[in-house]
Amino acid sequence: MIKVYTPFAPLDIFKEWFGDTTDYVRCENCDEVLSQELKIACLPIYFEQNYTVAYEKFDLLLLSDIEFNHIRPINEWLKKLEIKNYLLAVGGLEDYTVSGDVIYRPWWTFNLMRMNSPQHQVIANPQFDFDILLGAKKPHRDFVMAKCQKSFLLNTSIVNYRSVFTAPEQTDVKLNQHTLKILDGEKLKYPYKSANMQDEWEVNSEIDKSVSSIVPWKIYCQTKYSTVLESIHENVFFFTEKPAKVLYAKRIFVAFSCHHYLKQMRELLGFKTFSDVIDESYDLEQDNIKRFEMAFEQMEWLAKQDYEHIKTQTESIVDYNYRRLFTLRQETADRMQQMVYNKIEEIKC
């Protein structure tokens, strides 16, 4: 039995790397771990935390990051300390790629699955077109809100844009200017709660940032389609709890995110999208404004179609995507654990 130095943290990163094995056990005593022949540290809060640890004394560092923007700083930190043997799990992809001793795993997606149980009710005749749950204020979400204000969808959908959700500020000057042109002097409706929204459909009696990990089942029962308004809308593939909700609930969706977001969903993560039903060419458009305009056009088009016909056409896709969430989680866990064992064998040689 080998002890692995694992400082206390709210995220169970040890289990991510080692699963349910009994060959390795977590240990918070650094000296005990360093007294062993094989010295492994499992660090859950990546490079910027100071555990007053002599990292260079370990044979292997296992690092985990749940966000999208730390890959380069982590690599710089590893290079500065001249750490050669490490494995890194990241939550997002800058420039859409990882290689070598780095693995991409969508932590926020898997966390949502841990925190919610399936509730696949049969929805008969939903009364509204879309759920457009905009979350924290960001440029691409301002765009969608502005488009809704000029569209019939504001009245036929559940559109919420609440100020209780906060996030680091994002800037997109061109998109912001375009949004102002759409509004044409009208004020952006923010914060905004849909007149179609009823209190009993809320995911919690208190609405704050913590509800982002809860699937809005009652809202889904009222709407035909969903929108995915990702955390990041350019340059980074960051697959979060937002798409996980709609996949978990077997929903048809239109996405507002980075260029090739749907392509990455298919090729990197193994999901299916709706190109046989919806014109998903918006995903191919690099320009943010053009991509979002094309996506919104598909929302308006979809709202005008026969819902039962669309549902029949997409039933096999949404069922597949739901199952794929679980196989993806298992495949990712298996791969992470195999990476650890391979690296340990490499070190022993």
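## Helix H5, backbone exceptions and salt bridges

All eleven of the eleven residues of helix H5 (residues 139-149) are buried, so this helix is largely enclosed by the rest of the structure. Here buried means under 20% relative accessible area, exposed over 50%, and partly exposed in between (1.4 Å probe, protein chains only), while helices (H or I, at least four residues) and strands (E, at least two) are DSSP runs numbered from the N terminus.

This is a predicted model, in which local features need pLDDT of at least 70 and side-chain atom pairs count only at pLDDT 80 or more, whereas totals for chains, interfaces and linings use all residues. Residues are numbered from 1 along each chain as its sequence is written, and side-chain values use heavy atoms, with hydrogens and water left out.

Most residues other than glycine have a negative phi, and most peptide bonds are trans. In the loop between H7 and S10, Asp184 has a positive phi near 50 degrees, and the peptide bond from Tyr190 to Pro191 is cis, with omega near -5 degrees.

A salt bridge is a side-chain nitrogen of Lys or Arg within 4 Å of a carboxyl oxygen of Asp or Glu, and by this rule the count comes to 20; the table gives examples.

| Salt bridge | N to O distance |
|---|---|
| Lys3 and Glu32 | 2.7 Å |
| Lys174 and Asp287 | 3.8 Å |
| Lys193 and Glu202 | 3.6 Å |

Salt bridges that share partners join Arg162, Lys193, Asp199 and Glu202 into one network, in which Glu202 is buried, with a relative accessible area of 16%, and Lys193 is partly exposed at 37%.
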